[in-house]
Amino acid sequence: MKIGIIGGGAVGLLFAGYLGQKFDVTLIVRRETQVQSLLMNGITVHNGGSSFTTRVHSDLLTEVPMKFDFVIVAVKEYDLKPLEKVLELMDKNQPLLFLQNGIGHLEWVGSLPHHNLLAGSVEHGALKENDHVLNHLGVGKTNLALIKGEWGAVEELVSQSIPSFPFLLKQDFEEMLLTKLFVNVLINPLTALTRVRNGKLVENPHLHQLQRDLFQELLLLYPHMERIVSFEGVVEICKNTYENRSSMLKDIESERKTEIESILGVLLEKAQKEHHFVPIMNVVYRLVKGIEREGLGG
């Protein structure tokens, strides 16, 4: 099976590194220097005390081969819109899997003309070391759900997945993404603001209380999620990823744009529209935006 993966960041490298062991993978990136680095070195994944290197194809985004059995879109949410023309040139029967955090992209994805669209929720921890080397910091799973259409080639992907990189099929894509969103809201912005690793959030009573407050505000917006997501479950994730530094923390430290709009911005819009009072969420959002602005040079 031929798989195209768009995006040469941590998630793109992670998926290409593992899936390239079983499938014919092409990693599609923005820079010629990364193409050359990948073609020369392959992708090296460090996982605990072990490492492996996978050889993959690589192309520039402007030179995307139009025919794959399956395409994985692994760019950040704010980089989706510029991909619209590229995606529309692809075969409309090609399944597209979107791996973005948050829910801000769902309406846009649903408007694409493709017949088979999927959403994914990634539970792995990954840190990009350079253009071809990745640290796999936390082994989890990838949840998949249909937005519209049929599973098609995805069934082959799941059936042939390796034990260290499993996939799980879910019935409801909105519930799946909201579950991940609850986790993201309670971890990413707080670690970005306080510059601490995930586990410290549950050890520090002040930060832990902020997590509780954010959880209650989320339930105001999505009361039906109370039967699906528990606060205790998020605490366990913090403990299981104790040493991990969230993607938003890494973005702030590197003075890059964050995903705060797709994680909290979209929730504040919903709160305003439905007249919900979410003061903690609003303050956390403004603080992250302020720090982000300073890092990007005002």
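**Exercise 1. Which helix is Gln34 found in, and what surrounds this residue?**

Before we start: this is a predicted model, where local features need pLDDT of at least 70, side-chain atom pairs count only at pLDDT 80 or more, and totals for chains, interfaces and linings use all residues. Residues are numbered from 1 along each chain as its sequence is written, and side-chain values use heavy atoms, with hydrogens and water left out.

*Step 1.* Find the residue: Gln34 sits in helix α2, residues 32-41. (Helices are DSSP runs of H or I with at least four residues, strands are runs of E with at least two, and both are numbered from the N terminus.)

*Step 2.* Check its cover. Gln34 has 3% relative accessibility, so it counts as buried. (Buried means under 20% relative accessible area, exposed over 50%, partly exposed in between, with a 1.4 Å probe and protein chains only.)

*Step 3.* List the company it keeps. Setting aside neighbours within four places in sequence, Gln34 is in contact with Gly8, Leu13, Val29, Lys128 and Asp131. (Contact means heavy atoms within 4.5 Å.)

*Step 4.* Pick out the polar detail: a polar atom of the Gln34 side chain lies 3.1 Å from the backbone oxygen of Asp131.

**Exercise 2. Describe helix α8 from its start to its cover.**

*Step 1.* Get its length. Helix α8 covers residues 205-221, which is 17 residues, and spans 25 Å from first C-alpha to last, close to the 24 Å expected at 1.5 Å a residue. (The expected span is 1.5 Å times one less than the number of residues.)

*Step 2.* Look at the start of α8: there, a side-chain oxygen of Asn204 comes to within 3.0 Å of the backbone nitrogen of His206.

*Step 3.* Pick out the buried residues of α8: Leu207, His208, Gln211, Leu214, Phe215, Glu217, Leu218, Leu219 and Leu221. A handy rule for reading such a list: an α-helix has 3.6 residues a turn, so residues three or four places apart point the same way.

*Step 4.* See what does the covering. The cover over those buried residues includes α6 (173-194), α7 (200-203), α9 (231-240), α11 (260-274) and α12 (279-295).

**Exercise 3. How many aromatic pairs does a search of the whole structure find, and what do some of them look like?**

*Step 1.* Count them: the search finds eight aromatic pairs. (Rings of Phe, Tyr and Trp, using its six-membered ring, pair if their centres lie within 6.5 Å; planes under 30 degrees apart are stacked, over 60 edge-to-face, and the rest tilted.)

*Step 2.* Take one pair. The ring centres of Phe98 and Trp108 are 6.2 Å apart and the planes are at 90°, so this pair is edge-to-face. Phe98 belongs to strand β7 (residues 96-98) and Trp108 to helix α4 (residues 106-110), so the pair ties together parts ten residues apart in sequence. Both Phe98 and Trp108 are buried.

*Step 3.* Now take Phe215 and Phe231: this pair is edge-to-face, at 5.6 Å centre to centre with 65° between the planes. It links helix α8, home of Phe215, to helix α9, home of Phe231, across 16 residues. Phe215 and Phe231 are both buried.

*Step 4.* Finish with a group: Phe15, Tyr18, Phe52, Phe165 and Phe167 form one aromatic cluster. Phe15 and Tyr18 are among the buried residues of α1, a helix (residues 10-19) with eight of its ten residues buried.

**Exercise 4. How many helices and strands does the protein have, and how much of it is buried?**

*Step 1.* Count the elements: twelve helices and twelve strands.

*Step 2.* Check the burial: 53% of the 298 residues count as buried.

Terms used
A polar contact is a pair of N or O atoms within 3.5 Å; within protein, one must be able to donate a hydrogen and the other to accept it, and residues adjacent in sequence count only if both atoms are side-chain atoms.
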